[in-house]
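Biologist: Please show me the structure, and then I will ask why each label is used.

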Amino acid sequence: MGHGAGPDDQYGAPQRVEEVLHEALAELTLQSQAYLAALADRVSPGLGRGPVEVLLRLRRTGPLEVGALAAQLRLDEETARAHVTELERRGLVDRAAGRDGLALLVGLTQDVVEPLELAEVERRGRMLDRLMDWSPEDRQHLARLLSRFVDREDMAAQVAAMTTSLPERGPIW
């Protein structure tokens, strides 16, 4: 073991907490990308991860203008428009006039609602499986720390307001 603050890495050098955190976040990113790719292919074969992120956002928010969609996904408007155009071509979204009659809102079509709902049930199930052996306090602590890490005060406020109860066993529905 080296003289660092933590266990040695595979080469005998001490690991720092930041390095372990980076590795864990890199693994989480890989798992997320694999999930999005599989979901995209299930929703519409050949669909990319970017467009499926648009679908997931619209499922959470409801119809949005392309500019708002781009901002929420941290995309430039051109990329967001390209994703929406591809999704529209595949029959997964449509555009409709907003309340003011001027702005066009992008929304999900009925063809994609059920597959996205099923994906949400599966995602929640996987999350609960991963957290099943965690105490409610540990679950809430993780949510609080991740919200803080990604600098999302809105999520941190949600965590602060929620109870620590999650199902202990059994299906989520």
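Modeller: Start with one pair in the hairpin: Val93 has Leu108 in E3 as its bridge partner. Keep in mind that this is a predicted model.

Biologist: What makes E2 and E3 a pair of strands?

Modeller: Strands count as paired when there are at least two bridges between them. Five bridges join strand E2 (residues 93-97) to strand E3 (residues 104-108), and the two run antiparallel. Five bridges satisfy that cut-off, so E2 and E3 are called paired. Elsewhere along the two strands, Ala96 stands opposite Leu105 in E3.

Biologist: What lies between the two strands of that hairpin?

Modeller: There are six residues between the strands, and in this hairpin Gly101 takes a positive phi near 80°.

Biologist: In what order do the strands of the sheet lie?

Modeller: The order is E1-E3-E2, in an open sheet of three strands with antiparallel pairing. Strand E1 (64-65) and E2 each have a single partner strand, so they stand at the edges, and one side of each has no neighbour in the sheet. As a general point, strands of a sheet pair through backbone hydrogen bonds, either parallel or antiparallel.

Biologist: How many helices and strands does the protein chain have?

Modeller: Seven helices and three strands. Along the sequence, the pattern of the protein chain is α-α-β-α-α-β-β-α-α-α.

Biologist: Why are H1 and H2 called roughly perpendicular?

Modeller: The axes of helix H1 (residues 17-43) and helix H2 (residues 49-61) cross at roughly 80° and come within 9 Å. Angles of 65 to 115 degrees count as roughly perpendicular. The crossing angle of roughly 80° falls in that range, and H1 and H2 are therefore roughly perpendicular to each other.

Biologist: Which residues meet where H1 and H2 are in contact?

Modeller: From H1 they are Gln33, Leu36, Ala37, Leu39, Ala40 and Val43, and from H2 they are Arg49, Val52, Glu53, Leu55 and Leu56. By class, this contact has eight nonpolar, one polar and two charged residues.

Biologist: How does H2 lie with respect to the strands?

Modeller: H2 lies across E1, E2 and E3, and runs at about 95° to E3.

Biologist: Now the loop between H1 and H2. Why is Ser44 called buried?

Modeller: Ser44 is found in that loop. Buried means under 20% relative accessible area. Ser44 has 11%, so Ser44 is buried.

Biologist: What makes the pairing of Ser44 with Arg90 a polar contact?

Modeller: The limit for such a pair of N or O atoms is within 3.5 Å. The contact between the side chain of Ser44 and the side chain of Arg90 is at 2.6 Å, so the distance meets the limit. Leaving aside neighbours within four places in sequence, Ser44 is in contact with Arg90 and Leu92.

Biologist: Is Gln140 buried or exposed?

Modeller: Gln140, found in helix H6 (residues 136-149), has 19% relative accessibility. The cut-off is under 20%, so Gln140 counts as buried. A polar atom of the side chain of Gln140 lies 3.0 Å from the backbone oxygen of Val159.

Biologist: Why is Thr79 called partly exposed?

Modeller: Thr79 lies in helix H4. Partly exposed lies in between under 20% and over 50%, and the 28% of Thr79 falls there, so the label is partly exposed. Thr79 and Pro51 are 28 residues apart in sequence, and their C-alpha atoms are 9.6 Å apart in space.

Biologist: Why is Arg74 called exposed?

Modeller: Arg74 is in the loop between helix H3 (66-73) and helix H4 (77-89). Exposed means over 50%, and Arg74 has 72% relative accessibility, so Arg74 counts as exposed. Arg74 also has a positive phi of about 60° although it is not a glycine.

Biologist: How do you know that Asp151 is exposed?

Modeller: The relative accessible area of Asp151 is 62%, which is over 50%, so Asp151 is exposed. Asp151 lies in the loop between H6 and helix H7 (153-161), and has a positive phi of about 60° although it is not a glycine.

Biologist: What share of the protein chain is buried?

Modeller: Buried residues make up 24% of the 173 residues.

Note on methods: Residues are numbered from 1 along each chain as its sequence is written. This is a predicted model: local features need pLDDT of at least 70, side-chain atom pairs count only at pLDDT 80 or more; totals for chains, interfaces and linings use all residues. Side-chain values use heavy atoms; hydrogens and water are left out. Helices (H or I, at least four residues) and strands (E, at least two) are DSSP runs, numbered from the N terminus. Buried means under 20% relative accessible area, exposed over 50%, partly exposed in between (1.4 Å probe, protein chains only). A polar contact is a pair of N or O atoms within 3.5 Å; within protein, one must be able to donate a hydrogen and the other to accept it, and residues adjacent in sequence count only if both atoms are side-chain atoms. Axes are lines fitted to C-alpha atoms, for helices over the stretch in contact, and angles run from 0 to 180 degrees between N-to-C directions. Angles under 35 degrees count as roughly parallel, over 145 as roughly antiparallel, 65 to 115 as roughly perpendicular and the rest as oblique. Contact means heavy atoms within 4.5 Å. Ala, Val, Leu, Ile, Met, Phe, Trp, Tyr, Cys and Pro count as nonpolar, Asp, Glu, Lys and Arg as charged, and the others, Gly among them, as polar.
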